Amino acid sequence: MRELVERTLGGEDGSRGRRVMMNVAESPLGWLRARGLVTPRQFEAGERLRTDYERASLGPSVTMQWSARVDGSRGGMADDPATAQLAAKRGFDAAVAAAGPGLADILWRVVCAGEALPAAEKAMGWPARAGRLVLTLALDRVASHYGVH
């Protein structure tokens with residue numbers, strides 16, 4: 001199944017980010033959604049978490065910006081890639097903390113690292129099919145944290 005969506009990786013408002021097409025059905029979370037194993041609310045929470053994770057991993061610009069602003073101002077915090085990266089890191093940390101103890105591992109492995117659920121279960125020494133239950137609990141808590149309805 002192909003479900004292409006356009007995503008902006010980078011800036012919060014899309015002004016500095018690069019636009020990419022993603023097949024969300026190829027991600028482990030998309031695979032679970034396509035089979036009705038996670039709710040749309042849980043999927044949206046996972047996508048928001050993954051977006052925060054990706055934005056937090058972006059390195060700041062290491063070159064000087066030679067173009068002056070038309071209004072002469074120096075710009076705000078949103079213009080600073082390092083500040084945006086730190087904000088995304090804080091958002092990611094807060095969402096993982098909202099999931100609660102013991103749930104961060106499966107959440108990170110499946111949602112952020114893109115590890116298949118059976119592989120994550122095996123790596124953590126869990127019985128088969130135990131990961132989905134724990135993952136859905138974590139995603140419900142993250143959805144509440146993000147205010148996803």
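Select L86, R90 and A97 to begin: these exposed residues (over 50% relative accessible area, with a 1.4 Å probe and protein chains only) sit on the face of α3 turned away from its buried side. The model is a predicted one, in which local features need pLDDT of at least 70 and side-chain atom pairs count only at pLDDT 80 or more, while totals for chains, interfaces and linings use all residues. Residues are numbered from 1 along each chain as its sequence is written, and side-chain values use heavy atoms, with hydrogens and water left out.

Next, select residues 81-99, the whole of helix α3 (helices are DSSP runs of H or I with at least four residues, numbered from the N terminus). Its 19 residues reach 27 Å from the first C-alpha to the last, close to the 27 Å expected at 1.5 Å a residue, where the expected span is 1.5 Å times one less than the number of residues.

Now colour Q85, A88, F92, A95, V96 and A99, the buried residues of α3 (under 20% relative accessible area). Seen down the axis of α3, they fall within an arc of 95 degrees, taken from the directions from the helix axis to the C-beta atoms, so they line one face of the helix. Among what covers these buried residues are α2 (40-57), α4 (104-112) and α6 (130-146).

Just after α3, select G100, whose phi is positive, near 100 degrees.

Finally, move to L107, which touches L49, A99, C112, L135, A138, L139 and V142 (heavy atoms within 4.5 Å), leaving aside residues up to four places away in sequence.

Notes. Helix = DSSP H or I, 4+ residues; strand = E, 2+ residues; numbered from the N terminus.
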